[in-house]
Amino acid sequence: MNNTQTIAASQEKILELANQLAKEFSKTAAKRDREGGTPLHERNLLRKSGLLALPIPKEYGGYGASWPIVFKVVNIIAKADSSLAHLLGYHYLTVCSTFLFGSIEQYKTFYKETAAHQLFWGNAFNPRDSGLKAVRENGRLMLSGSKSFCSGATDSDRLLVSAQEEGSGEVLLCVLPTHRAGIVTEDNWDGFGQRQTDSGSVKFEDVIVYEEEILRKAAEEQKVFPTVRTHLAQLMLTHLLYGIAQGALEESKVYVKAHTKPWISSDVEAAEQDPYIIQQ
């Protein structure tokens with residue numbers, strides 16, 4: 001088997017695994033969305049699947065999957081459960097942000113521990129929310145305040161955090177263990193649909209940040225390269241929304257066949273033969 005065949009076989013295995021998970025998630029997706037809360041059982045299935053390490057290079061313990069494959073996995077999950085696809089997409093985006101914003105030593109460390117322990121990453125990055133401040137006191141950096149729309153924060157193992165440094169106003173990025181003292185994830189997400197994205201707010205009460213947790217690249221690398229993150233985020237959401245539309249279409253076909261009647265003057269026996277329904 002040559003290298004191209006090996007890659008194709010690996011991709012097929014990944015997509016098969018994603019489809020298996022999607023099938024399992026679809027069994028309870030509608031019920032869980034009505035109830036809201038954290039999909040703890042399903043998040044643990046993602047942990048056990050190994051897919052949390054999908055984009056992490058093989059030399060650090062991951063699959064080394066390309067971004068098109070990563071997007072395809074998000075798309076497959078979104079057809080069955082958009083909340084879990086949202087969580088998974090944000091996980092990929094946040095863990096790979098350490099490569100965009102961190103030093104070589106930092107992203108290697110984060111990649112290796114994520115792959116080894118199947119860590120789930122959450123978001124407290126929201127750049128439009130300036131409610132979190134970073135202050136230096138007695139030689140220590142402390143975070144105080146809150147961040148809103150923190151998808152995946154609940155039940156996560158790591159958080160990608162952005163804060164404004166007091167005085168300079170510059171944005172500081174860091175990676176913190178979610179369960180560090182002073183970090184409180186709030187169950188206050190009240191969305192219309194997608195009720196299990198764990199997108200509530202996160203409070204920070206005098207949270208200590210160590211220097212090695214602050215993401216730092218060389219100044220010349222900070223200008224352009226990290227802006228790739230914006231495009232990855234939009235592509236991730238595009239594949240998520242596309243999956244939602246595909247899933248809705250498939251469910252509508254099932255509903256039409258099982259419950260819908262053809263229009264009385266359509267002169268057909270079944271709803272799926274109705275020309276007006278077919279046109280729509």
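1. By about how much of the helix are Lys31 and Glu35 separated in helix H2? In this predicted model, the two residues are 4 apart in helix H2, which spans residues 29-35, and they are therefore separated by about one helical turn. The side chains of Lys31 and Glu35 meet in a salt bridge, with an N to O distance of 2.7 Å. Side chains of opposite charge can pair when their charged atoms come close. The pair may be read against the total for the structure, which holds 14 salt bridges.

2. On the question of charge at the surface, Glu137, Glu166, Glu205 and Asp206 form a negative patch. One of these residues, Glu205, can be placed in strand S7, which covers residues 202-209.

3. Turning to open space, the largest pocket has a volume of about 730 Å³, and its lining is made up of 34 residues. Of these, Phe125, Pro127, Ser162, Leu173 and Arg229 are the ones that lie nearest the centre of the pocket.

4. As to which elements build that pocket, at least two lining residues are supplied by each of helix H5 (82-101), strand S2 (132-137), strand S4 (158-165), strand S5 (171-177) and helix H7 (228-259). The largest share of the lining comes from H7, which contributes 5 residues.

5. Enclosed space should be considered separately, and here the structure holds 1 cavity of 30 Å³ or more. The volume of the largest cavity is about 60 Å³, and its lining consists of Val74, Ala85, His86, Gly89, Tyr90, Leu93, Ala233, Met236, Leu237 and Leu240. The elements that give two or more residues to this lining are H5 and H7, and H5 gives the most, with 5 residues.

6. Taken together, helices H5 and H7 each supply at least two residues to the lining of the largest pocket, and both also give two or more residues to the lining of the largest cavity.

How values were computed. Residues numbered from 1 in each chain as written. Predicted model: local features only at pLDDT ≥ 70, side-chain atom pairs only at ≥ 80, totals over all residues. Heavy atoms only, no water. Patch = residues over 30% accessible without salt bridge, like charges linked within 9 Å, V, L, I, M, F, W, Y side chains within 5 Å. Areas by Shrake-Rupley, 256 points an atom, 1.4 Å probe, with all protein chains shown as cover. Salt bridge = Lys/Arg side-chain N within 4 Å of Asp/Glu carboxyl O. Lys, Arg positive; Asp, Glu negative; His and termini not counted. Charge placed at Lys NZ, Arg CZ, Asp CG, Glu CD. 1 Å grid on protein atoms, 1.4 Å probe; cavity = no way out; pocket = protein on both sides within 12 Å on 5 of 7 lines; lining within 4 Å. Points joined across faces, edges and corners; volume = space filled by probe spheres on them.
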